[in-house]
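Here are my notes after a look through the model you sent. Have it open beside you as you read.

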Amino acid sequence: MAAEPSIVFTDVNERQGMFNRRIFLMGGVVAFGMFALTGRLAHLQIVQGEKYRKLAAANQFNLRLVPPPRGNIYDRNGKLIAGNRPSFRVMIETNEVKNIDDTLDQVSYVLPQTLANRRRILRDINQNQRSVPTIIASDLSWEDFSKVSLYASDIPGIVADMDEVRAYYYGGAFSHVVGYVSKINQKDLENEKDASQADFNLLHHPSFRIGKSGIERAFDKDLRGVAGGKKVEVDARGKVVAQDDDGSIEPTPGKDIVLTLDADIQQRAIDVFAQESGSVVMMDIHTGEVLCMTSSPGFDPNLFVSGISSDAYKLLHDYDRVPLLDKALSGTYPPGSTFKTLVAVAALEHGYDPKTTHTCNGSFPFGNHVFHCDRHHGTLDLHGAIVTSCDVYFYQCALAVGPDKIAEVARKFGLGQVFDIGIDGQKAGVVPDTAWKKAYFDGSKPWRPKDPKWQPGDTPSMGIGQGYTNVNALQNCVAVARLANGRKAVLPRLVKTIGGKPYKETTFEDLAADPAHIAFVRAAMADVTAAGGTAAVSGKLDLGPILMAGKTGTAQAHTIKSGSRDTLHLEWEKRDHAWFVAFAPADAPKYAMSVIVQHGGWGASTAVPKAREVMRMALLKDPEIQKRIVGVNPADLVDKSLTDTPQPGDDTGDAPPPPDILPTST
């Protein structure tokens with residue numbers, strides 16, 4: 001019987017050979033593995049060593065963006081209007097936090113949060129990139145900041161530091177012309193779609209604020225500066241353990257801007273208006289520099305820097321004095337009797353005899369309508385009609401000249417124009433003529449009646465600055481500045497320098513009007529503030545030989561079917577607008593201004609006193625004019641309060657007439 005095969009080795013040599021073969025095989029595998037590992041290590045250290053050294057350094061060091069200080073905004077004398085102030089804040093680095101809610105809960109033990117604030121933080125976190133820190137709280141008191149700083153190192157992702165925020169040092173005095181900055185929104189980001197990566201990173205930084213209006217918006221990129229970077233060393237959890245100053249990059253501050261405005265004159269204009277609504281614009285008639293451009297009431301731009309509450313914004317939006325509207329540029333109003341100066345120039349330019357007389361009996365029947373005047377002025381020539389502001393005379397003067405010629409001259413003097421002053425928001429207003437009416441009332445718009453023909457009754461209204469005519473305060477100031485200059489078409493200038501360099505220096509074209517005709521109107525304007533003029537009492541400067549020339553205006557803002565021209569007893573929005581345009585000194589003009597008091601009533605009793613106070617401030621600050629003020633009691637040069645302003649009836653023309661001759665208004 002054959003033996004069965006066995007799997008058991010009985011031969012010692014055979015067993016030893018099998019073991020050696022296994023050892024050899026395993027050794028080969030290990031040797032290959034060691035060779036491969038050594039090769040890989042050599043590749044990493046020698047070939048790719050530099051790459052991984054950089055990656056290791058990147059893990060150890062971070063370059064954190066440092067926003068640049070925003071450029072300052074100064075007035076013409078170096079007074080700081082808008083700058084930056086220190087602010088304590090707390091932020092959360094979301095890319096270093098595993099559980100945001102838990103982290104915010106830990107912070108709330110030190111810095112309590114309202115439900116609305118917690119929602120705001122979470123909303124900002126969701127909107128921001130994870131690499132962008134989110135502000136938990138800003139503008140902290142030193143006490144709160146100290147408490148948070150004490151515990152911040154124990155809460156992952158929480159950073160407590162000091163920042164800079166925009167500050168407006170004159171409150172609402174420059175709120176419209178300088179504007180304000182605020183948090184960037186989606187619309188702003190869309191406008192910045194072509195920004196570089198560095199600018200893009202800056203736009204998303206929680207400290208960044210973008211200009212929203214005025215100078216802040218128009219010159220935002222000049223004011224913005226260039227961001228820097230802070231090199232910091234971090235641990236494995238991403239927490240900062242050291243700062244590397246050698247590797248940091250200092251930010252480049254934004255450019256400083258110097259305006260032509262004078263902070264003292266601007267503040268005086270705000271003070272005299274108090275809570276009334278309107279605007280003051282003042283210019284140097286030789287250089288075009290705007291010394292004052294206010295809109296009252298204003299608003300505090302500091303409210304918008306960190307984000308205004310919806311309740312506060314609603315109060316500003318719903319207030320009937322409309323503080324958010326720039327009444328110097330965006331508000332347009334009938335110029336009223338201030339327009340008579342340009343009607344007079346237009347008449348003289350087209351051959352009108354200034355000795356032509358008309359008799360005013362308080363009304364002027366024309367066609368099937370009766371146009372009224374505020375007084376019975378008697379027989380007047382052109383000079384007398386300007387001084388007393390007789391409507392009846394200018395109804396007939398306008399009819400003699402015609403609307404097209406009046407409009408032509410008005411545009412030469414700046415009405416209906418938009419000026420390049422660096423900021424937007426200007427409304428051109430309306431200087432009507434036959435071509436304008438044909439185009440405007442062509443029936444293409446359902447809310448405009450089809451009435452393209454210039455009607456005969458449109459001309460008398462235009463002659464006294466009513467009807468379709470609408471201007472803003474800047475345009476009216478430019479008009480009187482060109483009258484006062486007499487030879488040059490002066491253009492307004494708001495910005496002096498940006499980053500120390502002059503901004504857009506321009507030359508003025510010759511004024512296309514006969515200097516003799518302008519001199520005639522200027523002489524009449526000088527008599528407006530003399531005895532018998534409409535501003536005889538309220539227009540006195542009390543500065544010795546320095547006198548002011550001007551023209552009052554009372555512009556109808558609401559149709560009055562019957563009764564008196566005096567509208568002060570009506571609701572505020574139905575009262576007339578009060579105007580005054582002026583220049584001084586009357587014998588050697590240097591400053592021109594326009595003042596409108598929205599729904600202020602009579603120009604002589606409301607606008608003139610305000611103009612007087614602002615003009616006094618400008619004149620008293622001028623060294624050359626100070627030398628001319630001689631023989632004056634120093635006590636009389638102290639700014640007068642408005643408690644001594646003339647009462648209704650003190651002046652004539654655009655002041656309220658005596659009760660026994662109150663006319664029936666149209």
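The points below go through cavities, a buried serine, a hairpin, aromatic pairs and some backbone oddities.

1. One thing to keep in mind throughout: this is a predicted model. Local features are discussed here with a pLDDT of at least 70.

2. Let's start with the empty space inside. There are three cavities of 30 Å³ or more in the structure, and the largest cavity holds about 60 Å³ of space. Who lines the largest cavity? The residues are Thr338, Phe339, Thr341, Leu342, Asn476, Ala479, Val480, Leu483, Met525 and Val581. Helix α19 (473-485) and helix α13 (340-349) each give at least two residues to that lining, with α19 providing the largest share, four residues. By character, the lining of the largest cavity has seven nonpolar residues, three polar ones and no charged ones.

3. Have a look at Ser538, in the loop between α20 (515-528) and β19 (549-555). Ser538 counts as buried because its relative accessibility is 0%, and buried means under 20%. Where does the polar side chain of Ser538 find a partner? A polar atom of the side chain sits 3.0 Å from the backbone oxygen of Ala604.

4. Next, a neat little hairpin. Strands β14 (residues 363-366) and β15 (residues 369-372) run antiparallel and are joined by four bridges. One of the pairings puts Ser363 opposite His372, its bridge partner in β15. Two residues lie between the strands of this hairpin, and Gly367 in the turn has a positive phi of about 65 degrees.

5. On to the aromatics: searching the whole structure turns up 19 aromatic pairs. Take Tyr170 and Phe174, with ring centres 5.5 Å apart and planes at 75 degrees, so this pair is edge-to-face; the cut-off for that label is over 60 degrees. The two rings differ in exposure: Tyr170 is partly exposed, with a relative accessible area of 24%, whereas Phe174 is buried at 3%.

6. Phe219 and Tyr503 make another edge-to-face pair, at 5.4 Å centre to centre with 85 degrees between the planes. Phe219 comes from the loop between α8 (214-218) and α9 (220-224), and Tyr503 from the loop between β18 (501-502) and α20, so the pair ties together parts that are 284 residues apart in sequence. Phe219 is buried, at a relative accessible area of 6%, and Tyr503 also counts as buried, at 17%. There is a cluster worth a look too: ring pairs link Trp436, Tyr440, Phe441, Trp454 and Tyr468.

7. Now the backbone. Most peptide bonds are trans, and most residues other than glycine have a negative phi. Against that background, which peptide bond leading into Pro297 is cis? The bond from Ser296 to Pro297 is, with omega near -10 degrees, and Pro297 falls in the loop between β12 (290-296) and α11 (302-305). Another cis peptide bond joins Ala584 and Pro585, where omega is about -10 degrees; Pro585 belongs to the loop between β20 (577-584) and β21 (591-597).

8. Last, positive phi values outside glycine. Ala274 has a phi of about 50 degrees and is found in the loop between α10 (263-273) and β11 (278-284). Ser389 has a phi near 60 degrees and lies in the loop between α14 (382-388) and α15 (391-401). Is Ser389 buried or exposed? Ser389 counts as buried, because its relative accessibility is 1%.

Terms used: Residues numbered from 1 in each chain as written. Predicted model: local features only at pLDDT ≥ 70, side-chain atom pairs only at ≥ 80, totals over all residues. Heavy atoms only, no water. 1 Å grid on protein atoms, 1.4 Å probe; cavity = no way out; pocket = protein on both sides within 12 Å on 5 of 7 lines; lining within 4 Å. Points joined across faces, edges and corners; volume = space filled by probe spheres on them. Nonpolar A, V, L, I, M, F, W, Y, C, P; charged D, E, K, R; others polar. Buried < 20%, exposed > 50% of the residue type's maximum accessible area, 1.4 Å probe, protein only. Polar contact = N/O pair within 3.5 Å; in protein donor to acceptor, adjacent residues only side chain to side chain. Pairing = 2+ DSSP bridges. Phe/Tyr/Trp six-rings, centres within 6.5 Å; stacked < 30°, edge-to-face > 60°.
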